[in-house]
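Open your viewer, get comfortable, and keep the selection tool at hand. Shall we walk through this model one stop at a time?

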Amino acid sequence: MTTLQTPNGFTLDNSGRRIVVDPVTRIEGHLRVEVNVDHENVIRNAVSTGTMWRGLEVILRGRDPRDAWAFVERICGVCTGCHALASVRAVEDALGIRVPTNAFLIRQIMAKVLAWQDHVVHFYHLHALDWVNPINALQADPRATSQLQQTVSPDNPRSSPGYFRDVQNRLRKFVESGQLGIFKNGYWDNAAYLLPPEANLMAVTHYLEALDFQKEIVKVHAVLGGKNPHPNYMVGGVPCAINMDGDMAAGAPLNMERLNFILLKLQEAYAFSKNVYVPDVIAIASYYKNWLYGGGLSAHNVMDYGDYPTIQGDPSTDRFPGGVILNGNWDEILPINPRDPAQIQEFITHSWYQYGPGQEYTGLHPWDGITDPHYALGVNAKGTRTNILAVDENAKYSWIKAPRWRGNACEVGPLARYILAYSKGVAYVKAQVDDALDRFNHMAGTALTPKQALPTTIGRTLARALEAHYCAHQMLDDYNAMIANIKAGDLSTANMTKWDPATWPKEAKGVGLVAAPRGALGHWIKIRDGKIENYQCVVPSTWNGSPRDPRGTIGAFEASLLGTPMVNPEQPVEILRTLHSFDPCLACATHVMAPDGGELSRVIVR
Amino acid sequence: MANIETFYDVMRRQGITRRSFIKYCSLTATALGLGPEFVPQIVHAMETKPRLPVLWLHGLECTCCSESFIRSSHPLAKDVILSMISLDYDDLLMASAGYQAEAIIDEVMTKYNGNYILAVEGNPPLNEDGMYCIIGGKPFVEQLRKAASGAKAVIAWGSCASHGCVQAARPNPTRATPVDKVILNKPIIKVPGCPPIAEVMTGVITYMLTFDRMPDLDRQGRPRMFYSQRIHDKCYRRAHFDAGQYVETFDDEGARKGYCLYKMGCKGPTTYNACSTIRWNDGVSFPIQSGHGCLGCSEEGFWDKGSWYARLQHVDGFGIEASADKVGAVTAGVVGAGLAAHAAVSALKRIRCKKDDNQ
Amino acid sequence: MSVTQSNVLRDEDLKETHLQGLSARTLHARRLMTVYVYEAPVRLWHWVSALCILVLCITGYLIASPLPSLSGSPSEHYQMGWIRYLHFAAAWIFAIAFLGRVIWAFMGNVYAREMFYIPFWRVSYWKGLIDTILVYAFIRSRGKKFVGHNPLAVTAIFFCFTLTSIFMIFTGFALYSEGTGMDSWEAKLFGWVIPLLGGHLSTHFLHHWGMWVIILFVMIHVYTVVLEDIASRQSLISAMTNGYRFFKDDQPK
């Protein structure tokens with residue numbers, strides 16, 4: 001094969017030079033990517049490989065469904081809590097438990113705190129170094145940075161030249177020490193970095209500011225869930241009982257002081273995303289106005305289940321509406337049903353798993369999913385079994401399965417949610433997107449429409465920033481709703497009527513859906529005799545990082561890299577830039593569940 | 001290492017006065033539970049030590065340890081990264097990737113042989129030739145062994161590296177193996193927890209930097225300063241435990257009054273960690289304060305010790321699952337019935353014997 | 001002190017009794033063997049331990065499954081505190097008594113050593129064991145005479161009581177050292193038990209299981225003692241109260 005047309009409209013050409021990036025850093029988990037570049041160093045073929053598998057599926061089998069949240073929470077410590085939330089929702093769905101209003105709101109606040117913090121950490125600490133050159137910031141004039149800061153974010157109080165000079169001094173000494181630490185071996189001389197020094201200094205300053213502040217917002221998790229990472233969740237509600245003015249309220253999980261503490265942190269987060277995060281993304285994007293690559297699948301198919309209703313159990317009030325857009329038709333949102341076995345299916349043709357004889361090309365719905373690891377390299381792979389030089393994408397090549405909606409690969413994530421919400425005309429999102437694009441076009445001197453600007457690497461990063469700010473807004477609404485509910489006399493935080501397994505049906509199955517920071521997250525559970533019979537997660541990075549399916553349809557990571565020119569293929573800045581815009585979470589992506597928990601092939605070494 | 005700056009240099013360059021520097025040192029001494037006589041030692045250490053190179057590897061894990069680490073409030077994570085250690089390799093934060101990233105390991109191993117710290121988050125799987133976790137096309141265990149060979153000491157971050165954690169829970173399909181079972185010839189500091197408390201993580205590092213020695217370790221290899229007491233022993237709800245006041249069900253009167261979570265399966269009485277003393281996220285709270293029992297996440301094999309919500313581990317293999325007490329009571333009943341039957345037969349026999357005697 | 005003497009009552013047997021001076025022959029009496037088996041320290045230890053076990057089981061059960069919650073201010077109550085105090089106090093007494101019992105095994109008579117080992121290589125032990133099992137199964141009607149414990153009792157006591165007690169003392173002190181701290185002598189002496197048994201929680205579970213083993217042992221022990229006292233050829237209850245075991249018949253075997 002040299003060139004190939006994929007069913008979802010992409011052209012692959014693997015004749016050029018093969019470039020391998022392994023490990024892809026600044027992500028959660030382990031990812032490998034291989035690309036072929038043509039003679040002009042444009043990426044013409046991309047192969048992404050999830051390089052870890054932990055087998056949580058097998059481990060969960062036979063355990064108490066009420067314990068499952070803690071196991072699956074450990075799928076990922078970056079998006080910590082969203083798997084736990086999906087898990088308790090799945091169990092509650094299976095058993096027909098409705099949580100009290102306070103619990104519903106507290107969970108909403110916790111989910112959005114996580115989304116907000118995750119997006120901030122992602123942009124500044126995992127993504128920014130793809131756009132920002134910290135070494136170049138040493139050449140900045142702090143007065144120019146101050147001026148830039150006041151232009152892009154007039155409300156940000158930390159904008160004096162002295163403030164930026166301090167940071168610059170600190171950075172200078174750090175660099176001059178010769179021990180570059182995390183900046184070591186970066187691609188700082190690469191022409192792909194386009195920011196002027198003053199913008200670099202502003203971004204580096206906010207890198208440190210964000211590092212300081214991200215630990216503040218998660219204190220809300222510490223109050224409501226006891227700790228972060230990995231706050232505690234509970235089937236039936238939340239463990240943090242409310243005691244406003246009774247005996248021993250001071251020792252209760254939630255009291256007046258704790259609520260005030262939460263409110264302060266939510267307000268600080270709101271100010272940070274408004275004054276720092278969103279303006280930074282727009283400002284940085286404006287310097288990269290001609291780098292509109294990386295859209296890939298987002299220009300075609302996007303998907304989300306929908307989440308954050310204002311009324312519990314009423315999807316029509318979802319602040320992020322669900323649905324599927326196919327082939328870039330923003331005028332039609334197709335409904336999605338996670339229970340329909342014909343809609344969501346996972347394939348393993350190119351994944352290191354097996355479904356059994358004759359099932360190699362079959363798609364399985366999560367409730368019927370199988371996870372039986374089967375590690376083998378293709379005939380055209382280079383290297384050996386334990387020293388892979390190049391994978392063979394025509395064979396099995398990843399620990400990630402390939403989920404499809406009615407056979408279609410879909411991109412998920414904040415960008416998908418924003419395209420869906422924008423198309424559906426959600427007022428807040430529409431205003432946000434239009435305003436951000438106005439500011440971008442104004443700064444960059446362009447006239448891009450949402451349809452041009454959003455399905456790009458930059459659009460993905462922008463959507464994440466806007467979503468973080470929308471979450472900050474929603475959190476305050478949720479907080480006020482909770483106060484109103486408490487004021488109305490409702491202190492209940494847990495529904496314990498179906499706590500005892502004796503009250504459960506012999507068999508039950510449920511699904512828990514969450515608008516996780518990286519996209520549509522679903523957990524499917526089957527319960528029998530009070531124990532987990534099958535547990536399956538289909539997570540955002542499984543959708544985005546999926547390998548090819550039997551028809552050859554490629555997933556979002558691979559699609560997004562195609563057509564991107566590289567300045568220097570030895571220095572994969574452009575690859576990192578686009579991959580990071582998805583915020584890949586590989587521990588999440590690679591851990592799905594076996595129903596039979598059958599004996600796995602065991603090769604004992606040493 | 002002549003051109004490597006000391007903490008003091010760094011702090012002075014940051015515009016911190018000597019006066020503030022000394023104050024910082026005395027605060028550090030207090031934070032580590034040391035008396036004022038240690039302040040000069042800390043001052044000296046800060047003035048003379050170069051920044052310690054650290055390689056931070058990631059195996060099978062969830063990155064919660066790194067996430068916890070960057071939550072540290074004292075010292076701030078940025079100060080640790082910029083001024084205390086030289087974090088030369090860390091998958092999560094490093095700018096470079098691919099070959100450039102892997103080259104750093106070789107460089108540090110050559111330049112600082114025997115003088116760098118290897119921090120490990122996660123653990124290596126040994127099944128499938130180690131290919132359940134691949135770094136640079138090779139098994140993670142290879143990278144781990146290689147990086148450990150030149151290390152001064154190894155820090156096993158979190159329960160994954162220390163004990164195996166969730167992927168090593170029964171039946172451990174990937175044969176995920178704790179670091180100390182793979183690296184046998186290096187001193188290993190275990191800092192368990194899922195994740196460990198941020199300030200415990202930075203506390204271990206600053207202790208090593210300040211005193212230039214390994215922290216005192218307990219029998220299991222954990223720093224005694226943070227892992228020598230049970231959560232239960234300094235829990236703010238302990239008075240309710242001793243009094244006999246418990247949460248009987250979530251969101252009941254006791255839950256709202258902050259009664260002891262013992263009956264809710266709290267593992268505080270069997271868990272060694274600093275959660276109830278140092279607390280989480282800059283001392284804001286800890287699981288028990290937020291109303292949920294302790295999961296025991298810093299204890300070995302805590303995934304396989306029964307439900308989070310049960311005091312006594314459930315036992316399988318008795319048809320339906322049952323607690324030790326149910327099994328014990330049933331057995332006692334069966335034995336009691338057996339003894340009664342035996343007594344009845346004995347009595348009958350005796351009567352018959354007597355009849356025989358009389359005849 | 002053996003049982004092999006002639007079984008006819010002789011004149012000298014009546015010396016220093018109120019029958020002194022009478023002719024033994026004319027009394028037509030059988031000579032009942034009485035043997036001093038359990039010396040005073042053993043008897044004292046037995047009953048102290050019995051009391052301790054009662055307290056330990058009740059308080060231990062309540063520590064694992066506490067009583068219903070009390071209301072009011074925590075300063076008004078110390079219920080769990082007292083339960084734990086009683087448990088620890090009884091445990092200390094039990095452990096010290098057990099230690100004393102071990103020492104007495106070296107100082108006391110041959111029966112003082114019976115509970116500490118199984119005479120694995122002795123043929124008579126195996127024969128006696130089979131014999132006793134047959135008697136308990138009502139297959140053989142008449143048991144043998146035993147001065148000390150019968151072999152089945154030796155086996156049960158060794159495994160269910162002696163070994164379990166040692167296990168409970170070791171795990172108990174290991175758990176106790178959780179409170180006294182890593183530098184305490186309890187931790188130094190017994191702390192190694194915890195990692196060996198798979199951690200603190202597992203040690204708690206096993207300590208709890210040990211309680212059930214002891215409870216079952218006590219049930220069987222009390223039953224068999226009463227049964228034996230009525231049905232067997234030797235006395236049991238009196239042996240543990242005044243130390244003398246008498247035999248109800250004078251047949252040699």
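The tour below goes from one chain contact to another, with a few stops on single residues. Keep in mind throughout that this is a predicted model.

**Stop 1: chain A against chain B**

Select chain A and chain B and show the residues where they meet. The contact draws on 108 residues of chain A and 107 residues of chain B. Together the two chains bury about 9,100 Å², with carbon and sulfur atoms accounting for 56% of that area. Now highlight Arg170(A), Gln179(A) and Ile182(A): these are the residues of chain A that lose the most area to chain B, together 9% of what that side buries.

Next, turn on polar interactions. Between chain A and chain B there are 52 residue pairs in polar contact. If you color the chain A side by residue class, you will find 57 nonpolar, 27 polar and 24 charged residues touching chain B.

**Stop 2: salt bridges between A and B**

How many salt bridges cross the interface of chain A and chain B? The number is seven, while the structure holds 58 over all chains. Begin with Lys184(A) and Glu107(B), a salt bridge whose closest N and O atoms are 2.9 Å apart. Lys184(A) sits in the loop between helix 6 (161-176) and helix 7 (197-217) of chain A, and Glu107(B) is in helix 6 (residues 98-111) of chain B, so this pair joins two chains. Then move to Lys219(A), which forms a salt bridge with Asp282(B); here the closest N and O atoms are 3.1 Å apart.

**Stop 3: chain B against chain C**

Hide chain A and bring up chain C. This contact takes 49 residues from chain B and 47 residues from chain C. About 4,100 Å² is buried between them, and carbon and sulfur atoms give 61% of it. Select Arg219(B), Asp325(B) and His342(B), which supply 13% of the area that chain B buries against chain C, more than any other three residues.

There are two salt bridges between chain B and chain C. To see one of them, zoom in on Asp183(C) and Arg224(B), where the closest N and O atoms are 2.5 Å apart. Polar contacts across this interface come to 26 residue pairs.

Which helix of chain B gives the most to the side that touches chain C? Select helix 13 of chain B, which contributes 16 residues. On that side of chain B, the residues divide into 19 nonpolar, twelve polar and 18 charged.

**Stop 4: a nonpolar patch on chain C**

Show the surface of chain C and select Phe159(C), Leu163(C), Ile166(C), Phe170(C), Trp192(C) and Leu196(C). These residues form a nonpolar surface patch with about 550 Å² of accessible area together. Helix 5 (residues 151-180) of chain C gives the most to the patch, with four residues; Ile166(C) is found in that helix.

**Stop 5: backbone details**

Finish with the backbone in stick view. In chain A, Asn228(A) and Pro229(A) are joined by a cis peptide bond with omega of about 5 degrees. Pro229(A) lies in the loop between helix 8 (219-225) and helix 9 (256-287) of chain A.

Over in chain B, a cis peptide bond links Cys194(B) and Pro195(B), with omega of about -10 degrees. Look for Pro195(B) in the loop between strand 7 (188-191) and helix 9 (198-211) of chain B.

Last, select Arg26(A), a residue other than glycine whose phi is positive, near 55 degrees. Arg26(A) is in the loop between strand 3 (17-21) and strand 4 (31-37) of chain A.

Technical notes
Residues numbered from 1 in each chain as written. Chains lettered and ligands numbered in written order. Predicted model: local features only at pLDDT ≥ 70, side-chain atom pairs only at ≥ 80, totals over all residues. Heavy atoms only, no water. Contact = heavy atoms within 4.5 Å. Buried area = accessible area lost by both parts, 1.4 Å probe. Salt bridge = Lys/Arg side-chain N within 4 Å of Asp/Glu carboxyl O. Polar contact = N/O pair within 3.5 Å; in protein donor to acceptor, adjacent residues only side chain to side chain. Nonpolar A, V, L, I, M, F, W, Y, C, P; charged D, E, K, R; others polar. Patch = residues over 30% accessible without salt bridge, like charges linked within 9 Å, V, L, I, M, F, W, Y side chains within 5 Å. Areas by Shrake-Rupley, 256 points an atom, 1.4 Å probe, with all protein chains shown as cover.
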